[in-house]
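Me: Could you take me through this structure, beginning with the ligand and then turning to the backbone? I would like each reply to end on the value or name I ask for.

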Amino acid sequence: MNQTAKGLDRRRLLAALGGGAALGAGAAAGIGLTARPAAAAAAKPDPAITEVQDWSRFLGEGVAAHPYGKPSKYEAHVVKRDVEWLTAGRESSVNFTPLHELDGIITPNGLCFERHHGGIAEVDPAKHRLMINGLVDRQLVFTMDDIKRMPRTNRIYFLECAANSGMEWRGAQLNGCQFTHGMIHNVMYTGVPLRLLLEEAGLKTNAKWIMVEGGDAAGMNRSIPIEKALDDCLIAFKMNGEALRAEQGYPLRIVVPGWEGNMWVKWLRRIEVGDQPWHAREETSKYTDLLADGRSRRFTFVMDAKSVVTNPSPQAPLKFKGPNVLTGMAWSGRGTITRVDVTLDGGRNWRTARLDGPVLPRSVARFYVDFDWQGEELMIQSRAMDDTGYVQPTKAELRAVRGLNSIYHNNGIQTWLVRANGETENVEIS
Ligand SMILES: Nc1nc2c(c(=O)[nH]1)N[C@H]1C(S)=C(S)[C@@H](COP(=O)(O)O)O[C@H]1N2
Ligand SMILES: [Mo]
């Protein structure tokens, strides 16, 4: 490579990142970053620089080595993980997105958490059909080819299982944001607005609800109000540009923006239109919110505003004194994140985090606080706000309303304790 060009690029990069002496300050201001002390060590003898490494001496693998690309072998620890004691078997189970290893707002397809009630259906797209029946003028059956000839749209949305953070209802339990908050992913879907399919079938005047049903062994189904179905639901066949992963419902899933993940039926094979909800298993015995007095809240569809600091966190302790990057994610099923506040001292002082990257409705937003750490103990929390004015509650506020019997819809503020040696732990402040 041309050394001059390489040198220039590096300088520009440093400038953009807010490092690099003279250039740094100006360029950093341009993208709204504050100049900070350099994180890099002053140059000193370092074998990583003085020794010629193998990758510089030998040719690498040719282009055909991996026809479907994969991460560097040094990233092998970045994987979905599960919690063994949580479920009795593997088919009806869940694993978790490694949030502490990710950045930006998009979850890579291979790292999207999975939740299945009857294992991963392996659906042959040529044999897959989507049927629309019930209170319609015309019953319709779509092939995948039919669906791909309809007008489509691209939208970035989070999917959060209503049980995300459910194990934390009665107190701090799991050590890692992967396990406390990892039942979420955020991808760009390509799909056909559900409204177009329903209009083609023609809704009867008494059409009030739809039932969406999966083609997996669980035949999982949920009821959705017709207003939501006609508003922003998608029948999606692509995620992040490529076909849905089998785990995520290949070849077809419904996208129900901002609403609990359970409703986003995978391997979607049928939509029935009716005049009332179906009272399916997943909306009666499961995915209801048991209150302290024994009554249950039902049809609690919306995922309220929530946030979590992903770094530092128990799986990603602080390693260095001096400049550090705190980062996390925030989302709201009611709309768009407008602000995230972060405290490092257990809520005595709050500062407003910097949102960076696209901030979109019903999508994950990324936030940062660039801070200096000198080895003091930290109690880190983040608090999200959305454009409806909703503020993420504390766990105590949540329990005051919902009691201790709940599992679902735990969007309380998370606390991480950072010890003097950087180790980080899941705790609660009472
Ligand atoms: N057909 C079918 N759809 C389903 C499920 C299922 O078991 N079968 N699980 C639901 C639940 S509980 C959740 S949280 C989401 C998980 O989506 P993911 O596997 O893409 O993360 O899918 C939902 N859709
Ligand atoms: Mo779920």
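The turns below concern a predicted model and go from its ligand site to a sheet and then to some backbone angles.

Me: How many residues surround ligand 1, and how many of them are nonpolar, polar and charged?
Reply: The shell counts every residue with a heavy atom within 4 Å of the ligand, and the closest residues are Phe-113, His-117, Asp-216, Arg-253 and Lys-266. In total, 21 residues surround ligand 1. Sorted by class, this shell has 8 nonpolar, 7 polar and 6 charged residues.

Me: Which residue places a polar side-chain atom 2.7 Å from a nitrogen atom of ligand 1?
Reply: Phe-113 has a polar backbone atom 2.7 Å from an oxygen atom of ligand 1, but that is a backbone atom facing an oxygen. An N or O atom in the side chain of His-185 is 2.9 Å from an oxygen atom of the ligand. The nitrogen atom of ligand 1 with a polar side-chain atom at 2.7 Å is approached by Asp-216.

Me: What percentage of the accessible area that ligand 1 has on its own does the protein cover?
Reply: The space taken by ligand 1 is the largest cavity. On its own, the ligand has 530 Å² of accessible area, and the share of this covered by the protein is 100%.

Me: Which strands stand at the edges of the sheet that contains β16 and β20?
Reply: Four strands form this open sheet, in the order β15-β16-β20-β19, with antiparallel pairing. Strands β16 (residues 322-331) and β20 (residues 365-373) are joined by 9 bridges, and Val-325 stands opposite Asp-370 in β20. Each edge strand has a single partner, so one side of it is left without a neighbour in the sheet; the edge strands are β15 (306-311) and β19 (354-355).

Me: Near what omega is the cis peptide bond from Asn-311 to Pro-312?
Reply: Most peptide bonds are trans. The bond from Tyr-250 to Pro-251 is cis, with omega near 10°, and Pro-251 is found in the loop between β10 (242-243) and β11 (253-255). Pro-312 lies in the loop between β15 and β16, and the cis bond from Asn-311 to Pro-312 has omega near 0°.

Me: Near what value is the phi of His-279?
Reply: Most residues other than glycine have a negative phi. His-279, in the loop between β12 (268-274) and β13 (289-290), has a positive phi, near 55°.

How values were computed
Residues numbered from 1 in each chain as written. Chains lettered and ligands numbered in written order. Predicted model: local features only at pLDDT ≥ 70, side-chain atom pairs only at ≥ 80, totals over all residues. Heavy atoms only, no water. Polar contact = N/O pair within 3.5 Å; in protein donor to acceptor, adjacent residues only side chain to side chain. Areas by Shrake-Rupley, 256 points an atom, 1.4 Å probe, with all protein chains shown as cover. 1 Å grid on protein atoms, 1.4 Å probe; cavity = no way out; pocket = protein on both sides within 12 Å on 5 of 7 lines; lining within 4 Å. Sits in = over half its atoms within 2 Å of the grid points. Nonpolar A, V, L, I, M, F, W, Y, C, P; charged D, E, K, R; others polar. Pairing = 2+ DSSP bridges. Helix = DSSP H or I, 4+ residues; strand = E, 2+ residues; numbered from the N terminus.
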